[in-house]
Amino acid sequence: MSDAPKNLEIDSELHMRLSMIADQHGKTADELVSEILSEHADTLESDNIERSQLEHRWQNYLDTGETIPAERIQDKLRDYAAEAARRTES
């Protein structure tokens, strides 16, 4: 972990909640907060990537007018369902 400053201002009620949760999970409040912030940052980064991909696809549609036929999507969904069924049988 880096030597970045670790000052974070939170109200006393939230601090108490975080401390209780951390105790229940055998962690310090600092460890819990670091884990929560890291997971949330991962989620936000993933959301940004997905948003960028969706904007690219939308722009491609606007530029070309090309769409995916419904039958192709249905076939793909059937393939996913069949794969999921095979996994649950194993």
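**Two helices, a cap and a ring pair**

Biologist: How far apart are the end C-alpha atoms of helix 1, and why does that agree with its 13 residues?

Modeller: This is a predicted model, with local features needing pLDDT of at least 70, side-chain atom pairs 80 or more, and totals for chains, interfaces and linings using all residues. Helices are DSSP runs (H or I, at least four residues), numbered from the N terminus. The expected span is 1.5 Å times one less than the number of residues, so helix 1 should cover 18 Å. The end C-alpha atoms agree with that, being apart by 18 Å.

Biologist: Which residue caps the N-terminal end of helix 1?

Modeller: Residues count from 1 along each chain as its sequence is written, and side-chain values use heavy atoms, leaving out hydrogens and water. At that end, the backbone nitrogen of Glu13 lies 3.1 Å from a side-chain oxygen of Asp11.

Biologist: What follows helix 1, with a positive phi?

Modeller: Look just past the helix for a phi near 65°. The residue there is Gly26.

Biologist: Which residues form the aromatic pair?

Modeller: A search of the whole structure turns up one pair (ring centres within 6.5 Å; planes under 30 degrees stacked, over 60 edge-to-face, the rest tilted). This one is tilted, at 5.3 Å centre to centre and 35° between planes. Its members sit three residues apart in helix 2 (residues 29–64), so about one helical turn separates them. They are Trp58 and Tyr61.

Biologist: Which of those two counts as exposed, and why?

Modeller: Buried means under 20% relative accessible area, exposed over 50%, partly exposed in between (1.4 Å probe, protein chains only). Tyr61, at 35%, is partly exposed. At 52%, the exposed one is Trp58.

Terms used:
Helix = DSSP H or I, 4+ residues; strand = E, 2+ residues; numbered from the N terminus. Polar contact = N/O pair within 3.5 Å; in protein donor to acceptor, adjacent residues only side chain to side chain. Phe/Tyr/Trp six-rings, centres within 6.5 Å; stacked < 30°, edge-to-face > 60°.
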